[in-house]
Amino acid sequence: MADTRSAAAHDAHGHDGHDAHGDAPHGSRRGYLIGFALSVLLTAVPFGVVMAGGVAAPVAAGLCMVLALVQIVVHMVFFLHMNSKSEAGWTMMALIFTIIVVVIALTGTLWVMYHMNANMMPDMSQMSGGM
Amino acid sequence: MASVATPPGTEQPVFYDLDPHEHPPGASTMLGFWLYLMSDCLIFAMLFAAWGVYGSAYAGGPQPRDLFDLKLVAVNTAMLLFSSLTYGMAMISGDEGKRGALLGWLAATGLFGAAFLGIELYEFSHLIHEGAGPQRSAFLSSFFTLVGTHGLHVTFGLIWLTVLMVQVGMRGLEPANMRRLQCLSLFWHFLDVIWIGVFTFVYLLGVLR
């Protein structure tokens, strides 16, 4: 008897917590407009720099990549409403895990393939042809 | 020896809750959809990696500088950015319970999305017409795969958007529909995030090479 009553009480208690993180975070008009204005700026500058020319290519490329990274964060915050509290922090955990996997996959691929390419023997095709 | 141990039955009983918790419908949908988006993100990461490896393998064919029209890409980027803003406005109208405004903003989002797709298809057909199709070089294969996969996502997003407009029109702003709209909101904004990577790494850095 005591057993079932206690379990029921526990169950009810567990439910109070559930409703709290059921609703997703919502944006406001102001938030969307700020995000939009920032995005326009962060898009127009790299396009302008590349299309106008005159800036050294490595500098322009670096600028484009930095601004893209900033814009991704802007979108995450103002459009996707990322924060560390939604779904009890699990969306943020999933995002961090994904970023780690993406960074490993991208740097690993580029690193390995660059060296494979650089270390290719110059006339491999002719060598195998002569065998 | 035995006198030290507590006699059986006198310790505090420990209760375990073995029954599955009852979840309200859709309570875990948003987290699940977020996890789907993260897995989708990995697909795009691998396509970006392929672009990074093959993007400069021209096979003696045309290079990004000869092919890409940055003005067109800028217009395309603007279309997607406008559609993100209008979708945000749609969600706010939905939260305020204004069904007409919600449908109007969704229609605007759909038009911007369709314009984006139209421009992209025009660009693709133009490239193929010039003999710069996906079979021309590894550079163009990886270009069409990456940008085409993004375009395919936008296409399915548009289909989903249309279906949701019909559902909202038929059944109104019930909780299930609001949940679906929230999922599409994440999907749509996520595609805009991927596009930031595309226009930066494919178009801008491609032309700079």
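**Exercise 1. The interface between the chains**

How many residues of chain B are in contact with how many residues of chain A? Work this out for the predicted model, and then describe what the side of chain B that touches chain A is made of.

*Solution.* Begin with the count of residues on either side: 49 residues of chain B are in contact with 48 residues of chain A. Next, turn to the area, where about 4,400 Å² is buried between chain B and chain A, with carbon and sulfur atoms giving 80% of it. Within chain B, the residues that lose the most area to chain A are Trp34(B), Leu81(B) and Leu208(B), which together make up 14% of what that side buries.

Then consider the polar part of the interface, for which the count between chain B and chain A is one salt bridge and two residue pairs in polar contact, both at pLDDT 80 or more. As for the elements involved, helix H1 (29–54), helix H3 (70–95) and helix H6 (175–208) of chain B each supply at least two residues of the side that touches chain A. Sorted by class, that side of chain B has 33 nonpolar, 10 polar and six charged residues.

**Exercise 2. The salt bridges**

Find how many salt bridges there are over all chains, and state for the pair Arg29(A) and Glu96(B) where each partner lies.

*Solution.* A search of the whole structure gives three salt bridges over all chains. Arg29(A) belongs to helix H2 of chain A, whereas Glu96(B) belongs to the loop between H3 and H4 of chain B, and therefore this pair joins two chains. The side chains of Arg29(A) and Glu96(B) meet at 3.1 Å, N to O.

The next step is to follow Glu96(B) to another partner, since Lys98(B) also forms a salt bridge with Glu96(B), with the closest N and O atoms 3.0 Å apart. Arg29(A), Glu96(B) and Lys98(B) are thus linked in a network of salt bridges. To classify the members of this network, compare each value with the limits of 20% and 50% between which a residue is called partly exposed: Arg29(A) has a relative accessibility of 36% and is partly exposed, Glu96(B) at 40% is partly exposed, and Lys98(B) at 43% is partly exposed.

A further salt bridge is formed by Glu174(B) with Arg171(B), where the closest N and O atoms are 3.2 Å apart. Glu174(B), with a relative accessible area of 23%, is partly exposed.

**Exercise 3. The nonpolar cores**

Determine which helix gives the largest share of the largest nonpolar core, and which residues have the most contacts inside that core.

*Solution.* The largest nonpolar core has 70 residues, and those with the most contacts inside it are Trp34(B), Phe143(B), Leu181(B), Trp195(B) and Tyr203(B). Both chains contribute, in that H2 (29–52), H3 (57–78) and H4 (90–118) of chain A, together with H1, H3, H4 (99–129), H5 (138–171) and H6 of chain B, each supply at least two residues of this core. The largest share, 21 residues, comes from H6(B).

Take Tyr203(B) as an example: leaving out residues up to four places away in sequence, Tyr203(B) touches Phe68(B), Leu70(B), Val73(B), Glu123(B), Phe143(B), Val147(B), Trp195(B) and Val198(B). There is also a second, separate core of seven residues, which includes Phe36(A), Phe79(A), Leu81(B) and Leu85(B).

**Exercise 4. Inside chain A**

Describe the helices and strands of chain A, and decide for Ser39(A), Glu87(A) and Ala88(A) whether each is buried or exposed.

*Solution.* Chain A contains five helices and zero strands, and buried residues make up 26% of its 131 residues. Of the contacts in chain A with a separation of 6 or more, 61% are between residues 24 or more positions apart.

Ser39(A) is placed in helix H2 of chain A, and its relative accessible area of 0% makes it buried. Apart from its neighbours within four places in sequence, Ser39(A) is in contact with Gln71(A), Val74(A), His75(A), Phe79(A) and Leu81(B).

Glu87(A) lies in the loop between H3 and H4 of chain A, and Ala88(A) has its place in the loop between H3 and H4 of chain A. Phi of Glu87(A) is near 55°, a positive value in a residue other than glycine, and phi of Ala88(A) is near 55°. Glu87(A), however, is buried, with a relative accessible area of 10%, while Ala88(A), at 56% relative accessibility, counts as exposed.

Note on methods: Residues are numbered from 1 along each chain as its sequence is written. Chains are lettered from A and ligands numbered from 1 in the order in which they are written. Side-chain values use heavy atoms; hydrogens and water are left out. Contact means heavy atoms within 4.5 Å. Buried area is the accessible area (1.4 Å probe) that two parts lose on being put together, summed over both. A salt bridge is a side-chain nitrogen of Lys or Arg within 4 Å of a carboxyl oxygen of Asp or Glu. A polar contact is a pair of N or O atoms within 3.5 Å; within protein, one must be able to donate a hydrogen and the other to accept it, and residues adjacent in sequence count only if both atoms are side-chain atoms. Helices (H or I, at least four residues) and strands (E, at least two) are DSSP runs, numbered from the N terminus. Ala, Val, Leu, Ile, Met, Phe, Trp, Tyr, Cys and Pro count as nonpolar, Asp, Glu, Lys and Arg as charged, and the others, Gly among them, as polar. A nonpolar core is a set of buried Ala, Val, Leu, Ile, Met, Phe, Trp, Tyr and Cys residues joined through side-chain atoms within 4.5 Å. Buried means under 20% relative accessible area, exposed over 50%, partly exposed in between (1.4 Å probe, protein chains only).
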